[in-house]
Amino acid sequence: MEIFGSAYDLLIGYMVPFLFVLTIVVFFHELGHFAVARWCNVKVDAFSVGFGRELFGWYDKHGTRWKVSLIPLGGYVKFAGDENAASVPDREYIASMSEEERRTAFIAKPVWQRAAIVAAGPIANFILAVIIFASIFMAYGKPQLLPVVSTVIEGSAAETAGIQTGDRILSINDKPLSYFEDLKWTVRHNPDQPLVLGIERDGAKLTATVIPVYVTDVNQFGVEYREPRIGVAIASDENTRILKQLGVGGALWEGVLRTYKIIYDTVNFIGEIFAGEQSAKQLGGPIQIAQVSGTVAQFGLIELISLAGFLSVSIGFINLLPIPILDGGHLVFYAAEAIRGKPLNEKVQEVGFRIGLGLVLMLMVFATWNDIWRLMSL
């Protein structure tokens, strides 16, 4: 079975776009940590793009080693006084520091500064995403589809409610509706809830009540997923497709909204997994990201950069999860320290980091197994 094609196609078609996207996202994440650390006068020993053996690098005037490492699947910033890239304190090294050196160590800073440095990574990801989306909207406009029904699926909730081809949906629960994207968003987040649609048909105003139901489908990557639908399709032609031009302010606002919606959808998806409404088999790992990157790259650079924005939001959100070893886990420890007035016991933190590492590794293995299983099923 041929999964990706030739080795050349694998490298150029999938790995290069994947590494391009990942490098952008990781670089800005670590740049967030780095910039706030510098602002807090923390000495940064190393800024690495990638892990493992250094391929090449240089020192800046502040003594930071900037380097590109062998394994291009992430990166890290290492602060003075840290044992490793996860900001675990090196107690022996800290004890041997001079008073002047200790003042620039990460662990010596007030808890609010440490929290700000840690939070800066995910925040940088969100800012990057907003800038990417806003730049695309400002340069190319925002394509929109008018909510004019072109197809009603047989046996669907829409057919049961009496919706017909050619109907224009004007409102949902008395809230004006301008574009199909807003209809899709509302339906997706109101499963099994009655929605009253205001409809225009041949100049007459009507209402119809629909109840979105979960429908199982398979995307182009072979991933089975479930989402609430009412059973209508909207045509994309010169009569229903418009291009909304945006200025700087409008584009930035749309960038913020797009970022917010990605976070909201992610939280909603996780909640649905725990509620049993979605399958954890939908979770993808690096293989799926590479596959998506390669496919998106075929549509052009703008689409690939847009994917970088989406992944930047996702990585920022994941890093804020309250799991020790991730940024969110560090923030939980710092919150406990602020409340108690002193850090948590070193043993407690060490056990927490071990548990967090185990959870992250299990999640990576599970997601990668999902990727492999999907490829074997093609």
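This report walks through a predicted model of one protein chain, from its overall make-up to a few single residues.

## The chain as a whole

Let's start with the big picture. The chain has 378 residues, and 39% of them are buried. Its secondary structure consists of 11 helices and 12 strands.

How much of the chain's accessible surface belongs to carbon and sulfur atoms? The share is 63% of a surface that comes to about 20400 Å². Contacts also tell us something about the fold: counting those between residues at least 6 apart in sequence, 62% join residues at least 24 apart.

## Two nonpolar cores

Now look inside. In soluble globular proteins, nonpolar side chains tend to be buried together. In this model, the largest nonpolar core has 19 residues, and the members that touch the most others are Ile132, Phe133 and Val313. Four elements give two or more residues each to this core: α1 (7-39), α4 (111-140), α7 (248-274) and α9 (301-319). Helix α4 provides the largest share, with eight residues.

Try finding Ile132 in the structure. Leaving aside residues up to four places away in sequence, Ile132 touches Ile305, Ser306, Ala308 and Gly309. Apart from the largest core lies another one, made of 17 residues, including Ile163, Ile172, Ile230 and Val232.

## Helix α10

Helix α10 covers residues 327-340 and lets you check a simple rule with a ruler. At 1.5 Å a residue, its 14 residues should span 20 Å, and the C-alpha atoms at its ends are indeed 20 Å apart, so the two values agree.

Which residues of α10 are buried? They are Asp327, Gly328, Gly329, His330, Phe333, Tyr334 and Glu337. Just after the helix comes Gly341, with a positive phi of about 85 degrees.

## A buried glutamine in β3

Gln144 sits in strand β3, which runs over residues 142-145. Is Gln144 buried or exposed? Its relative accessibility is 5%, and because buried means under 20%, Gln144 counts as buried.

What does Gln144 touch, not counting residues up to four places away in sequence? Its contacts are Tyr179, Glu181, Thr240, Arg241, Ile242 and Lys244.

## Strand β5 and its partners

Strand β5 (residues 168-172) pairs with two strands described here. With β7 (residues 195-201), β5 runs antiparallel and is joined by four bridges. In this pairing, Ile172 has Leu197 of β7 as its bridge partner. Ile172 is also one of the residues in the core of 17.

With β6 (residues 175-176), β5 again pairs in the antiparallel sense, this time over two bridges. Here Ser171 has Pro176 as its bridge partner. The strands β5 and β6 form a hairpin with two residues between them.

## Positive phi in the loops

The hairpin of β5 and β6 is a good place to look at backbone angles. Asn173 takes a positive phi near 50 degrees there. Asp174 is found in the loop between the two strands, and its phi is near 70 degrees, a positive value in a residue other than glycine. With a relative accessible area of 72%, Asp174 is exposed.

Where does Asp202 lie? Its place is the loop between β7 and β8 (204-210). The phi of Asp202 is near 55 degrees, again positive in a residue other than glycine. Asp202 has 81% relative accessibility and therefore counts as exposed, since the cut-off for that is over 50%.

Terms used
Residues are numbered from 1 along each chain as its sequence is written. This is a predicted model: local features need pLDDT of at least 70, side-chain atom pairs count only at pLDDT 80 or more; totals for chains, interfaces and linings use all residues. Side-chain values use heavy atoms; hydrogens and water are left out. A nonpolar core is a set of buried Ala, Val, Leu, Ile, Met, Phe, Trp, Tyr and Cys residues joined through side-chain atoms within 4.5 Å. Buried means under 20% relative accessible area, exposed over 50%, partly exposed in between (1.4 Å probe, protein chains only). Contact means heavy atoms within 4.5 Å. The expected span of a helix is 1.5 Å times one less than its number of residues. Accessible areas come from the Shrake-Rupley method with a 1.4 Å probe; for residues, only the protein chains shown count as cover. Two strands pair if DSSP finds at least two bridges between them.
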